[in-house]
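Trainee: I'm new to this one. Can you walk me through it?
Mentor: Sure, here it is.

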Amino acid sequence: MWKKILATLLALSMLLALAACGSGDSGGSDSGASYDIGYNTWGSGSAVFDIMNNIVVQALGVYGSGGTRAIDNNQADTELDNINNFVSAGVDGIVMQACATTILPQAAAACEDAEIPFVLSIFPGDDDDRADLSENNVYYLGSVSADMYAEGYLIGKMAAEDGMTTAVLVGGNVGDTLFEERIEGFTQAFVTEGGGEILDSARCTSPAECQEKASALLSAYSDTDMIYAMVGDYSVGCISAMETLGLDIPVYVTNADTNCIEYIRDGTIAGATSGNELVGAVAVALLINYLDGNQILDDEGNPPELVMTGFEVNADNVDDFETIFGDDDGPYTAERLQTLLARYNSDVSYDTFVDFIENQLTLEVLIADRS
């Protein structure tokens, strides 16, 4: 209870401070304070992380703020160092990717000690750690992520419906919850419900290892019906391995990125899902609302945990996918993003965010916004 009271007092004090200096208006104004935000991405140099970066940059720009990106280089120690560097720099807030789940308690404690609010984006850490933060850390503003189990399930269902009966899998580190949850979902749909068989898997510490490990896997199982690449980065390595081996095996992909577009068009990638990068802008909105003195809490008064399920990308909608995700300015219109901020939308609430996540993060909605 004390946590919720303190959170309310903190938010109220920030609102009063903003009102005193003439910035920040929760009555639907298009004016507001500008903030310095730190945000990290697990990696760089690939389309998926460039998209994640662009979406945060777009949201910050629409909200009149700026920020600094830090790159974790796929290393837990670097991720923690980056968060600590943001804290030392005295940023106004942090949009945190907790891809290395073990660092979250330390990173959160550093934010709490420095009284810096933070929100978890895309990679939300472990459930137990978030529950502890919700109860005990008043600077934790919630999480916005993707349902990795649902993504894997959708791929497994697609593949089974396409008549695939055997599969090999290629993805990231063993023990990484993002990949383990996708495998669980895929297994449920493809094996338990679809009657298929997973022959083997290759796990990589980074996409740089993918082609070599995929080559070894496909050499051993050249008669597999399909390959499941658990991130767009890994699909490219799998396809390169097939080209070297002279194989032509359908590829299915979760977290497809712009490098997958031509392969979806020509059928090399037989099925794909995408969209989880979109939630980065929602995380930014939670943070800016708090800094403006308008903290968003769920129906029980806790920091929200918002989860999207992604969407299918196929030959029929790949042109729309390219339009949205190939835009260097970002996938959203300013008007769409402004609906999430109290300074533009006086009616914004937790329900606004739920509706945004559940109904507005689709290719159809984002394309329609541009017409």
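Mentor: Start with one pair: Ala167 stands opposite Met226 in strand 8. Strands here are DSSP runs (E, at least two residues), helices are DSSP runs too (H or I, at least four), and both are numbered from the N terminus.

Trainee: Before we go on, what kind of model is this, and how are residues numbered?
Mentor: It is a predicted model, where local features need pLDDT of at least 70, side-chain atom pairs count only at pLDDT 80 or more, and totals for chains, interfaces and linings use all residues. Residues are numbered from 1 along each chain as its sequence is written, and side-chain values use heavy atoms, with hydrogens and water left out.

Trainee: Back to strand 8. How many bridges join strand 6 to strand 8?
Mentor: Four bridges join strand 6 (residues 166–171) to strand 8 (residues 226–229). The two run parallel. Strands pair if DSSP finds at least two bridges between them.

Trainee: What's the strand order in the open sheet with mixed pairing?
Mentor: The order is 7-6-8-9-10-12, six strands in an open sheet. Strand 7 (197–203) and strand 12 (311–313) are at the edges, each with a single partner strand, so one side of each has no neighbour in the sheet. The twist averages 20° from one strand to the next.

Trainee: Which strands does helix 7 lie across?
Mentor: Helix 7 (residues 177–193) lies across strand 6, strand 7 and strand 8. Helix 7 runs at about 165° to strand 7. Angles run from 0 to 180 degrees between N-to-C directions, and axes are lines fitted to C-alpha atoms, for helices over the stretch in contact. Contact means heavy atoms within 4.5 Å.

Trainee: And the sheet with parallel pairing, what's its order?
Mentor: That open sheet has six strands in the order 2-1-3-4-5-11. Its edge strands are strand 2 (66–71) and strand 11, each pairing on one side only. Neighbouring strands are turned by 15° against each other on average, direction ignored.

Trainee: How many bridges join strand 1 to strand 2?
Mentor: Six, and the two strands run parallel. One example: Asp36 has Gly66 in strand 2 as its bridge partner.

Trainee: Which strands does helix 5 touch?
Mentor: Helix 5 packs on this sheet and touches strand 4, strand 5 and strand 11. Its direction makes about 150° with that of strand 5.

Trainee: New topic: pockets. What's the volume of the largest pocket?
Mentor: About 420 Å³. The search runs on a 1 Å grid over the protein atoms alone: a pocket is an open set of points with protein on both sides within 12 Å along at least five of seven lines, while a cavity is a set where a 1.4 Å probe fits but cannot get out. Lining residues have an atom within 4 Å of a point. Grid points are joined across faces, edges and corners, and a volume is the space filled by probe spheres set on the points.

Trainee: Which residues lie nearest the centre of the largest pocket?
Mentor: Trp42, Cys99, Asp176, Leu178 and Phe179, out of 31 lining residues. Helix 7 gives the largest share of that lining, four residues. By class, the lining has 17 nonpolar, 11 polar and three charged residues. Ala, Val, Leu, Ile, Met, Phe, Trp, Tyr, Cys and Pro count as nonpolar, Asp, Glu, Lys and Arg as charged, and the others, Gly among them, as polar.

Trainee: How much space lies in the second largest pocket?
Mentor: About 280 Å³. Its lining has 21 residues, with Pro124, Asp127, Arg130, Ala146 and Glu181 nearest the centre. They divide into 10 nonpolar, five polar and six charged.

Trainee: How many cavities of 30 Å³ or more are there?
Mentor: Three. The largest holds about 50 Å³ of space. Its lining includes Tyr39, Met52, Val95 and Ser121. That lining has five nonpolar, five polar and no charged residues.

Trainee: What about the second largest cavity, which element gives the most to its lining?
Mentor: Helix 2, with three residues. The second largest cavity holds about 40 Å³.

Trainee: Last one. At what angle do helix 11 and helix 14 cross?
Mentor: Roughly 170°, with the axes of helix 11 (residues 279–291) and helix 14 (residues 350–360) coming within 11 Å. The two helices are therefore roughly antiparallel. Angles over 145 degrees count as that, under 35 as roughly parallel, 65 to 115 as roughly perpendicular, and the rest as oblique.
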